[in-house]
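Trainee: Could you take one helix of this protein and look at it closely, and then follow its neighbours into the rest of the chain? Please keep it to one connected explanation.

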Amino acid sequence: MLKPLSLAPSFGFGDRLGLATLGHIAAVRDTKFAPIFAQQSVRENARTGRTPQQVMDEAQRAVDAAKWDDPWGADADHLKTLEDIPAFVEAGYTFFTIDPGAHVDNGADTDSAETLKRKVASLNWDELSALYLSGNGGQAWDSFDAQSLMRATVKYGRAIQHAVSMFERLSDLRDAFDFEVSVDETDSPTTPLEHFFIASELTRLGVKFTSLAPRFIGRFEKGVDYIGDLNALDAELEKHAAVTAYFGTYKLSLHSGSDKFSVYPLVAKYWAERIHVKTAGTSYLEALRVLASHEPDMFLKIYSLGRERYETDKRTYHVSAQLDLLPNTDDLPSLLNDFHAREVLHVTFGSALSQYGVALKAALVKHNNAYYDGLKTHFDKHLKLLKV
Ligand SMILES: [Zn+2]
């Protein structure tokens, strides 16, 4: 049954090819996670040439075929403008992820005191300073002084206003829905104090959000494990968890959530059931793994196109793979375990699909058992470490 999932632990399975849901169902069955089977961002739709309705229909077909009777959700991912909303509402999406990143003022991190003062003048500063500088003592995640409050206000003030507008528009169009606010693609990490500020302001302004996705320290790149100091991340997550526990009203959402095997035990430790994990391109990489084993010629064409397109296609992603470090092609299946190859193939999916999409999908239909098994194995690894 397609419905809002509210605070149930949830796992988002993006499926850019429309052929992965049966494998996703196999992995998520008998876990405590409520699944999102239809999940696509505006950026992904542009690159795959699919509409919100098509994504929904393909997920629905698999749900019917597998006789999945439990709740599931559909995530309109990374919606940036009011105009992005209607097509997803009409197609019956239940979960709306708002990305107000374009309204985040990344300069705030380094602005001088004078610049900050000038900028906050138009941002409701009197009310905010009365609210947040009243000296209610330090919290586990730190507390504001005038300077840090100004920075948070300048950095996120307009983004919060935009999230409020998006929420209000959705409330006009739908009765019940999951609402997520994501700032995971901003230039700099969200500090625990900024996380507190965002959650507090959204709450104060009447936004009923089910999940929030901060940007954490270190690097959460697409389709690969965490890059950074795990001990530092552990200490930082503890503070973020104190913020979510303080409100107790929303889930922590982990974007670019696939393949972060070293991070899942920390997420499980701090949030247990109050989590949403979002994955997308990793299912596409599993599709390429099937090709690497069963259709090597087609795989090699996609790989060489990926090399050509990487520098261009990577621009809207946080990735750090280098073309000159790509492995040779002696052992194709194991190539899908290589950091650089994974990222290159991951961000060039749009180019690959526009050139080889029809043949790729036909190959997956032909080798559907291998794709199904690969997806199940891959996501079992994720879900086991998250052990909700
Ligand atoms: Zn994201």
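**Helix 12 and its surroundings**

Mentor: The buried residues of helix 12 pack against five elements: helix 2 (42–48), helix 11 (281–294), helix 13 (332–335), helix 14 (339–347) and helix 15 (349–366). Keep in mind that this is a predicted model. Helix 12 itself covers residues 296–313 and is not straight, since a bend of about 40° falls at R307. The residues of helix 12 that count as buried are M298, F299, I302, Y303, L305, G306, Y310 and D313.

Now take one of those neighbours, helix 11. Within helix 11, E286 and R289 are 3 residues apart, which means about one helical turn separates them. Their side chains meet in a salt bridge, with 3.2 Å from N to O. As a rule, side chains of opposite charge can pair when their charged atoms come close. The partners do not share a setting: E286, at 4% relative accessibility, is buried, while R289, at 22%, is partly exposed. The cut-off matters here, because buried means under 20%. Elsewhere, salt bridges with shared partners link D75, D77, E180 and K278 into one network.

The structure has 22 salt bridges in total. One of them joins D109 to K155, where the closest N and O atoms are 3.5 Å apart. D109 sits in the loop between strand 4 (95–98) and helix 5 (113–120), and K155 sits in helix 7 (residues 146–173), so this pair ties together parts 46 residues apart in sequence. K155 is buried, at 0% relative accessibility, whereas D109 is partly exposed at 31%. Another salt bridge is formed by the side chains of R219 and E221, at 2.7 Å from N to O. Here R219 is partly exposed, with a relative accessible area of 38%, and E221 is buried at 2%.

Helix 2 and helix 11 also lead to empty space inside the protein. There are 3 cavities of 30 Å³ or more, and the largest holds about 190 Å³. Its lining has 21 residues, of which R16, D77, K222, S256 and A280 are the closest to its centre. Elements that give two or more residues to this lining are strand 2 (34–41), helix 2, strand 3 (73–79), strand 8 (275–279) and helix 11. D77 thus appears among the residues closest to the cavity's centre and also in the salt-bridge network.

The last stop is the zinc ion. Its protein donors are H78 through NE2, D184 through OD and H255 through ND1, at 2.1 to 2.4 Å from the ion. Along the chain these donors follow the spacing H-x105-D-x70-H. D184 belongs to the loop between strand 5 (178–182) and helix 8 (192–204), and H255 to the loop between strand 7 (251–254) and helix 10 (264–271), so the pair ties together parts 71 residues apart in sequence. D184 is buried at 10% relative accessibility, and H255 is buried with a relative accessible area of 6%.

Technical notes. Residues are numbered from 1 along each chain as its sequence is written. This is a predicted model: local features need pLDDT of at least 70, side-chain atom pairs count only at pLDDT 80 or more; totals for chains, interfaces and linings use all residues. Side-chain values use heavy atoms; hydrogens and water are left out. The bend at a residue is the angle between axes fitted to the seven residues ending there and the seven starting there. Helices (H or I, at least four residues) and strands (E, at least two) are DSSP runs, numbered from the N terminus. Buried means under 20% relative accessible area, exposed over 50%, partly exposed in between (1.4 Å probe, protein chains only). Contact means heavy atoms within 4.5 Å. Donors are N, O and S atoms within 2.8 Å of the metal (3.2 Å for Na, K and Ca); water is not among the atoms, so sites may look incomplete. A salt bridge is a side-chain nitrogen of Lys or Arg within 4 Å of a carboxyl oxygen of Asp or Glu. On a 1 Å grid over the protein atoms alone, a cavity is a set of points where a 1.4 Å probe fits but cannot get out, and a pocket is an open set with protein on both sides within 12 Å along at least five of seven lines; lining residues have an atom within 4 Å of a point. Grid points are joined across faces, edges and corners, and a volume is the space filled by probe spheres set on the points.
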